[in-house]
Amino acid sequence: MTVLLCDKPAGITSHDLVRRIRRERDCKAGHAGTLDPFATGLLLVLLDGATKLQRFLTGLPKTYRATARLGWRSSSGDPDGELTETGTIPSSLELPTGNVRQRVPMTSAVRVGGERLYRKAHRGETVTTPLREVEIFRADLLDRDVECARYEIECSSGTYVRTLIETLDDAYCSQLRRTSIGPFRVEDAGEELSVARVGELIPAAAEALR
């Protein structure tokens, strides 16, 4: 019963990575917080009995490094969508902070009508997706050039960073990397934490283990 800290590469889904680990270790496995295929960074993979901790880990705040490509739009808000060059650079690069209402994108894994939205999107269907209130604790502009702006964003669970970037209007999220989940850091990828150690870091999880 351990929690494995993984650094997910781009080009695969979170499920792909979990399935590979499940096959390699011949054990039950799940994860705590989906990353889009284009995104990289920290994914917590829960092995065997550690899956009981999932509900405590998915709700932890997250930190991301995000790159906004300026003067372009994407049909999905990320590099996997249909890209259109507008040539218009946003007049302000400030992202909203505090409590923010976001509409869940069609490319998300949220279920509507018993089916995940991305499956509907793959068939070309569109539906009215639910609104979700999230909290953006900070959205720091790290640097910018003519083509891109780079941010460090700390936010509540359930935040869609690509949707946040789209508030700039003529921009989409071209790169996204999750650097932390609560007290867990991507720099520690490769470590395996016992459920007892996780309980020390997350008091609420410790109660569930008793």
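1. Two strands pair if DSSP finds at least two bridges between them. This is a predicted model. By that rule, β12 pairs with strand β13 (residues 184–185) through 2 bridges, and the two run antiparallel. Isoleucine 181 has phenylalanine 184, in β13, as its bridge partner. The hairpin of β12 and β13 has 2 residues between the strands. Glycine 182 in this hairpin takes a positive phi, near 55 degrees.

2. β12 has further partners. What direction does β3 take beside β12? The two run parallel, joined by 2 bridges. Threonine 40 stands opposite arginine 177 of β12 in this pairing. β4 also joins β12, with 9 bridges, and here the strands run antiparallel. Tyrosine 64 has arginine 178 of β12 as its bridge partner. β12 itself is mostly covered, with 9 of its 11 residues buried.

3. Strand β4 (residues 62–70) deserves its own point. Why call β4 largely enclosed by the rest of the structure? Because 7 of its 9 residues are buried. Beyond its 9 bridges to β12, β4 is joined to strand β11 (residues 148–155) by 8 bridges. β4 and β11 run antiparallel. Arginine 69 stands opposite cysteine 148 of β11.

4. Arginine 69 has a second feature to check. It lies over the face of tryptophan 72, at 4.0 Å from the ring centre. Ring-to-ring pairs are another matter. How many aromatic pairs does the pairing rule give? The count is 0. The cut-off behind this is a centre-to-centre distance within 6.5 Å for rings of Phe, Tyr and Trp.

5. Next, the cysteines. Cysteine 148, the residue opposite arginine 69, is buried because its relative accessibility is 13%, under the 20% limit. Cysteine 6 is buried too, at 10% relative accessibility. How many disulfides are there? The count comes to 0. The rule asks for a pair of cysteine sulfur atoms within 2.5 Å.

6. The largest nonpolar core has 24 residues. Leu95, Ile136, Tyr151, Ile153, Ile165 and Leu176 have the most contacts inside it. β4, β10 (131–144), β11, α4 and β12 each supply at least two residues of this core. Another core lies apart from it, with 19 residues. Leu5, Leu44, Leu46 and Val198 are among the residues of that other core.

7. Isoleucine 136 can be followed outward from the 24-residue core. Leaving out residues up to four places away in sequence, what does isoleucine 136 touch? The list is Pro96, Thr97, Gly98, Val100, Ile153, Glu154, Cys155, Thr159 and Leu164. Ile153 is also named among the residues with the most contacts inside the core.

8. Threonine 2 sits in strand β1 (residues 2–8). Is threonine 2 buried or exposed? It is buried, because its 19% relative accessibility is under the 20% limit. Not counting residues up to four places away in sequence, threonine 2 touches Val45, Leu46, Leu47, Ala50, Glu192, Leu193 and Ser194. Of these contacts, Leu46 is a named member of the 19-residue core.

9. Aspartate 36 is in the loop between β2 and β3 (40–47). Its contacts, apart from neighbours within four places in sequence, are Lys8, Ile12 and Arg162. Ile12 is 24 residues away along the chain, with the two C-alpha atoms separated by 8.1 Å.

10. Two aspartates should be looked at for backbone geometry. Which loop holds aspartate 26? It is the one between α1 (14–25) and β2 (29–31). Phi of aspartate 26 is near 55 degrees, a positive value in a residue other than glycine. Aspartate 26 is exposed, because its relative accessibility of 71% is over the 50% limit.

11. The second is aspartate 169, in the loop between α4 (161–165) and β12 (171–181). Its phi is near 75 degrees, again positive in a residue other than glycine. Aspartate 169 is partly exposed, because its relative accessible area of 49% falls between the 20% and 50% limits.

Note on methods: Residues numbered from 1 in each chain as written. Predicted model: local features only at pLDDT ≥ 70, side-chain atom pairs only at ≥ 80, totals over all residues. Heavy atoms only, no water. Helix = DSSP H or I, 4+ residues; strand = E, 2+ residues; numbered from the N terminus. Buried < 20%, exposed > 50% of the residue type's maximum accessible area, 1.4 Å probe, protein only. Phe/Tyr/Trp six-rings, centres within 6.5 Å; stacked < 30°, edge-to-face > 60°. Lys NZ or Arg CZ within 6 Å of the ring centre and 35° of its normal. Contact = heavy atoms within 4.5 Å. Core = buried A, V, L, I, M, F, W, Y, C linked by side-chain atoms within 4.5 Å.
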